[in-house]
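Dear colleague,

Below is the model I promised to hand over, with the sequence alongside it. My notes on what was found follow directly after it, and I would be glad if you read them against the coordinates.

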Amino acid sequence: MNWFLSLFVKVISAINTMVIVWLLSFFAFDQSFLFSSALAAGGAVIGFLMAAMLWNYRMLRNYKLTRSEFKYIKKNLAEAKPKIYRLHKTLFSIRDIPTLKQRMELTKVTRKIYSMTKRDPRRFFQAERFYFSHLDSAVELTEKIRVPFWTAEEKLGDSGFSC
């Protein structure tokens, strides 16, 4: 899932294809400059698409997944990312140190599971229960439960009412 390396390989193969097609059409087949350039551009597009297909095939074979499984995993990871962001966003509303530590640990574990799944998509099926039930309920609970800021008087038991 390294998008930069993938794009780099595709662009390099497209450029190589474009140069070879242009040289062949201009010198070997004695075509005009514009027609050779148009053929080279078409060859570059075809080279890019062929490299993309080959890269995707090798990636799927490396992960031992089918296309439909990979699309399913990618869709669910895309749905999980905003949930993890919402979970992280609730950290700023906490005013209690022990609760803050617990939520930071929860956020850390959640991000670790997400990054491991993104790095190795086969692990999604091992963490599927986490994505479908635990993550949803954790986000819902952390958004609902807000720790109020207690003043020193309220901690001492003074409710503010006089008898």
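I begin with Asp-30, which is exposed, with a relative accessible area of 67%; throughout, buried stands for under 20% relative accessible area, exposed for over 50%, and partly exposed for what lies in between, with a 1.4 Å probe and protein chains only. Asp-30 lies in the loop between helix 1 and helix 2, and its phi is near 55°, a positive value in a residue other than glycine. Helices here are DSSP runs of H or I with at least four residues, strands are runs of E with at least two, and both are numbered from the N terminus.

Please keep in mind that this is a predicted model, in which local features need pLDDT of at least 70 and side-chain atom pairs count only at pLDDT 80 or more, whereas totals for chains, interfaces and linings use all residues. Residues are numbered from 1 along each chain as its sequence is written, and side-chain values use heavy atoms, with hydrogens and water left out.

As for the overall fold, the secondary structure comes to six helices and zero strands, and of the 163 residues in the protein, 26% are buried. The accessible surface is about 12100 Å², 66% of it belonging to carbon and sulfur atoms, with areas taken from the Shrake-Rupley method, a 1.4 Å probe, and for residues only the protein chains shown as cover. Among the contacts (heavy atoms within 4.5 Å) with a separation of 6 or more, 63% are between residues 24 or more positions apart.

Helix 2 may be worth following from end to end. Its 31 residues should span 45 Å at 1.5 Å a residue, and its end C-alpha atoms are 44 Å apart, which agrees; the expected span is 1.5 Å times one less than the number of residues. Its buried residues include Ser-36, Ala-40, Gly-43, Ala-44 and Gly-47, and what covers the buried residues of this helix includes helix 1 (3-28), helix 3 and helix 4 (97-119). Helix 2 is followed by Lys-64, which is found in the loop between helix 2 and helix 3 and has a positive phi of about 60° although it is not a glycine. At 62% relative accessibility, Lys-64 counts as exposed.

The same check on helix 4 gives an expected span of 33 Å for its 23 residues, and its end C-alpha atoms are 33 Å apart, which agrees. Its buried residues are Thr-99, Arg-103, Thr-107, Thr-110, Tyr-114 and Thr-117, and their cover includes helix 3 and helix 5. Arg-119, also in helix 4, counts as exposed at 55% relative accessibility; its C-alpha lies 8.8 Å from that of Asn-2, although the two are 117 residues apart in sequence.

The largest nonpolar core, meaning a set of buried Ala, Val, Leu, Ile, Met, Phe, Trp, Tyr and Cys residues joined through side-chain atoms within 4.5 Å, has 17 residues, and those with the most contacts inside it are Leu-65, Tyr-114, Tyr-131 and Leu-135. Two or more residues of this core come from each of helix 2 (33-63), helix 3 (67-89) and helix 5 (128-144), and the largest share, six residues, comes from helix 3. Leaving aside residues up to four places away in sequence, Tyr-114 touches Leu-77, Ala-80, Lys-81, Ile-84 and Tyr-131.

Aromatic rings of Phe, Tyr and Trp (its six-membered ring) were paired if their centres lie within 6.5 Å, with planes under 30 degrees apart counted as stacked, over 60 as edge-to-face and the rest as tilted, and the count by this rule comes to 11 aromatic pairs. The rings of Trp-3 and Phe-4 have centres 6.1 Å apart and planes at 85°, so this pair is edge-to-face, and both residues are exposed. Ring pairs also link Tyr-72, Phe-124, Phe-125, Phe-130, Tyr-131 and Phe-132 into a cluster.

Finally, Thr-142 in helix 5 is buried, with a relative accessible area of 6%. Its side chain reaches the backbone oxygen of Ala-138 at 2.9 Å, and a polar atom of that side chain lies 3.0 Å from the backbone oxygen of Val-139; a polar contact is a pair of N or O atoms within 3.5 Å, of which, within protein, one must be able to donate a hydrogen and the other to accept it, residues adjacent in sequence counting only if both atoms are side-chain atoms. Not counting residues up to four places away in sequence, Thr-142 touches Leu-87, Thr-90, Arg-103 and Leu-106.

With best regards
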